[in-house]
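Visitor: I should like to learn how to read a protein model. May we go through its features one at a time?

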Amino acid sequence: MSADWQETYAETWAGTVVRVLRTPYPWISSHASTGPDDCDVTPERLHPAFHGSVDWHSSCHMQWSGVRLLGEGALSDGLRAELVAELDGRLTAAHGTVEAAYLRERSGFERPYGWAWAAMLAAAVDRAASSGAVPEAVGWRQATGLVADAVADNLLDWLPRLAYPVRHGVHSNTAFGLALCHEAYAALGRPEVVTAIERRATEWFGADRDYPSSWEPSGEDFLSPALCEADLMRRVLPAEEFGRWLAGFLPDLATGGDALLSVPRVNDRTDGRMVHLFGLALSRAWQLRLLAAYLPADRADRIRAATSAQVGEVEREIVSGDLMSTHWLVSFALLAVTATE
């Protein structure tokens with residue numbers, strides 16, 4: 001990672017992570033009650049590791065952000081101590097056992113978006129512990145490993161049963177979840193999960209051509225269905241084969257169509273669904289930067305300029321916007337600023 005983004009953002013982003021994790025309400029529960037006595041949805045009781053930050057998946061990926069930021073060593077001593085203390089209190093073996101049991105008992109919970117971020121958190125903790133960059137991460141490994149194992153089992157059970165992928169721009173987008181799971185489980189040494197993802201990705205998306213990118217975005221997207229699919233295929237195909245696939249799937253990206261490069265417009269910055277479009281700007285920036293190497297040089301230059309504009313347009317919302325933005329945008333900003341490395 002370059003020093004530039006660290007000097008500009010690391011401290012304020014880490015402060016935002018701590019602040020939103022310590023914000024217990026509002027809380028959006030996805031709990032499915034099994035009877036009249038199963039109605040206590042108190043966040044910390046249900047999810048001792050992944051409460052705060054509005055919902056389970058955001059709590060999970062904001063903790064991923066915290067681990068990533070700790071690993072860069074760019075934080076002040078006081079803020080570093082606060083962030084470590086917050087993660088120490090959440091990522092215990094006892095809490096991981098509760099979260100893993102919940103996932104096993106409710107196998108569709110947070111599928112696949114929350115699954116993906118839980119796996120990414122486990123991979124980040126494992127990397128931080130193994131490298132010594134975050135010594136405290138050794139103590140978090142058991143908790144995140146239990147959760148990642150439960151996700152892996154649920155994923156391996158679900159993939160063969162899913163007849164069609166989900167192709168839209170919000171949480172249940174199949175390609176986005178599988179791309180992050182592919183990265184995480186490769187890092188965690190789970191080749192059977194990686195192979196299962198690669199098999200389904202090529203079955204579902206391998207023959208796709210001429211995607212109508214001008215139809216994007218929808219009004220509540222934080223993901224581009226086109227770019228999520230392209231990013232997944234980038235991960236599962238050999239480079240030369242992927243270049244051919246991309247040219248057939250998104251020909252406009254190489255020849256001048258800029259529908260995916262424009263900055264999305266948000267008309268209400270307090271509406272939890274409309275502000276998804278801030279996330280779309282960041283996820284586009286992340287994925288376009290990863291795809292730029294497969295495009296002509298002049299288009300790659302255009303993408304660099306356009307994605308910088310997308311990140312710049314959303315910059316204020318990441319740390320000082322409404323809670324509907326601040327509770328999750330740091331994670332997508334981190335993906336965007338580190339995408340070229």
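Visitor: Where does Gly35 lie?

Guide: This is a predicted model. In it, Gly35 belongs to the loop between helix H1 (3-21) and helix H2 (43-46).

Visitor: Is Gly35 buried, exposed or partly exposed, and how far is Gly35 from Ala128?

Guide: The relative accessible area of Gly35 is 29%, so the residue is partly exposed. Its C-alpha atom is separated by 41 Å from that of Ala128, a residue 93 places away along the chain.

Visitor: How is a pair of aromatic rings described?

Guide: Two values serve for a pair of aromatic rings: the distance of the centres and the angle of the planes. In this structure the count comes to 21 aromatic pairs. Take Trp56 and Phe109: their ring centres are 5.3 Å apart and the planes stand at 75°; planes over 60 degrees apart count as edge-to-face, so this pair is edge-to-face.

Visitor: Which parts of the chain does this pair link?

Guide: The pair links distant parts, 53 residues apart: Trp56 is in helix H3 (residues 56-71), while Phe109 is in the loop between helix H5 (93-105) and helix H6 (113-131). Trp56 counts as buried at 2% relative accessibility, and Phe109 is buried with a relative accessible area of 7%. The ring of Phe109 also pairs with that of Tyr102; the centres are 4.9 Å apart and the planes at 75°, so this pair too is edge-to-face. Tyr102 is buried, at 6% relative accessible area.

Visitor: Which residues do ring pairs link into a cluster?

Guide: The cluster consists of Trp64, Tyr113, Trp117, Phe176, Phe222, Trp286, Trp328 and Phe332.

Visitor: How are two packed helices described?

Guide: For two packed helices, one states the angle between their axes and the distance between the axes. Here the axes of H3 and helix H16 (residues 329-337) come within 8 Å and cross at roughly 45°. That angle makes H3 oblique to H16. The crossing of H3 past H16 is left-handed.

Visitor: Which residues make the contact?

Guide: From H3 come His61, Met62, Trp64, Ser65, Arg68 and Leu69, and from H16 come Val330, Ser331, Phe332, Leu334 and Leu335.

Visitor: What span should helix H13 have?

Guide: Helix H13 (residues 276-291) has 16 residues and, at 1.5 Å a residue, should span 22 Å; the C-alpha atoms at its ends are 22 Å apart, which agrees.

Visitor: How many residues of H13 are buried?

Guide: H13 is mostly covered, with 16 of its 16 residues buried.

Methods:
Residues are numbered from 1 along each chain as its sequence is written. This is a predicted model: local features need pLDDT of at least 70, side-chain atom pairs count only at pLDDT 80 or more; totals for chains, interfaces and linings use all residues. Side-chain values use heavy atoms; hydrogens and water are left out. Rings of Phe, Tyr and Trp (its six-membered ring) pair if their centres lie within 6.5 Å; planes under 30 degrees apart count as stacked, over 60 as edge-to-face and the rest as tilted. Helices (H or I, at least four residues) and strands (E, at least two) are DSSP runs, numbered from the N terminus. Buried means under 20% relative accessible area, exposed over 50%, partly exposed in between (1.4 Å probe, protein chains only). The expected span of a helix is 1.5 Å times one less than its number of residues. Axes are lines fitted to C-alpha atoms, for helices over the stretch in contact, and angles run from 0 to 180 degrees between N-to-C directions. Angles under 35 degrees count as roughly parallel, over 145 as roughly antiparallel, 65 to 115 as roughly perpendicular and the rest as oblique. A crossing is left-handed if the near helix is turned anticlockwise from the far one by less than a right angle, and right-handed if clockwise. Contact means heavy atoms within 4.5 Å.
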